[in-house]
Amino acid sequence: MSQSTIVVQTPGDYLWVISLKNGQAIKMPDDVAEDTGKREAGKIVGDHWSDQAMPEIVALCPACTRDDLGHPFLFSTGWKNSSELQVVEEFEFSKGWIAVHNLCRITGARLSVTENKIVKQSRPSEFVRRAWTWSPFHSE
């Protein structure tokens, strides 16, 4: 783990990255960032699709558009080194699952994507299954 930041992961898609130097959130959940007026802290620069679908996802799954998105999940899977955090976004579509494996660099008070790999999955990962186990919003 980085000696200057800490990652707090709650089940589902609540990823927090906090600076230990000053206690400020480098990344917080999108809805919390919106509610507190800190929109930029909800974003990972170079990540998250806008109102349009990501071309790389549509290339793997033409039906996997923003309109077909059931639920996105966001997880940290660990540190590559003291300034690079491995983050995975999993997207549930009616036609299947897509995972975006991002390597994110922490620079000052910013988290930004430096590399990504997009793969189609046959089912949700163990991270998503665990999140759904604890979620009051999902029942299998």
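At 33% relative accessibility, Phe127 counts as partly exposed in this predicted model. Its ring partner, Phe75, is a buried residue, with a relative accessible area of just 3%. The two rings are stacked, sitting 5.2 Å apart centre to centre with 25° between the planes. Phe75 belongs to strand E4 and Phe127 to helix H3 (residues 126–134), so this pair ties together parts that lie 52 residues apart in sequence. Phe75 and Phe127 are also part of a cluster, linked through ring pairs, that takes in Phe73 and Trp97.

The count of aromatic pairs comes to 4. Another one joins Phe91 and Phe93, and here the rings are tilted, with 6.2 Å between centres and 35° between planes. Both of these residues are buried.

Now for the sheet. Four strands line up in the order E4-E5-E6-E7 to make an open, antiparallel sheet. Strand E4 (69–81) and strand E7 (110–121) are at the edges, each pairing on one side only. From one strand to the next, the twist averages 20°. E6 (residues 96–107) runs antiparallel to E7, and 11 bridges hook them up; His101, for instance, has Lys117 in E7 as its bridge partner.

Then there is the largest nonpolar core, made of 12 residues, including Leu15, Ile44, Trp79, Cys104 and Val113. Strand E2 (14–19), E4, strand E5 (84–93), E6 and E7 each give two or more residues to this core. Cys104 touches Ile44, Leu85, Val87, Leu111 and Val113, among others, leaving aside residues up to four places away in sequence. A second, separate core has 10 residues, among them Cys61, Ile98, Val100 and Ile118.

Note on methods:
Residues numbered from 1 in each chain as written. Predicted model: local features only at pLDDT ≥ 70, side-chain atom pairs only at ≥ 80, totals over all residues. Heavy atoms only, no water. Pairing = 2+ DSSP bridges. Axes fitted to C-alpha atoms, helices over the stretch in contact; angles between N-to-C directions. Core = buried A, V, L, I, M, F, W, Y, C linked by side-chain atoms within 4.5 Å. Buried < 20%, exposed > 50% of the residue type's maximum accessible area, 1.4 Å probe, protein only. Contact = heavy atoms within 4.5 Å. Phe/Tyr/Trp six-rings, centres within 6.5 Å; stacked < 30°, edge-to-face > 60°.
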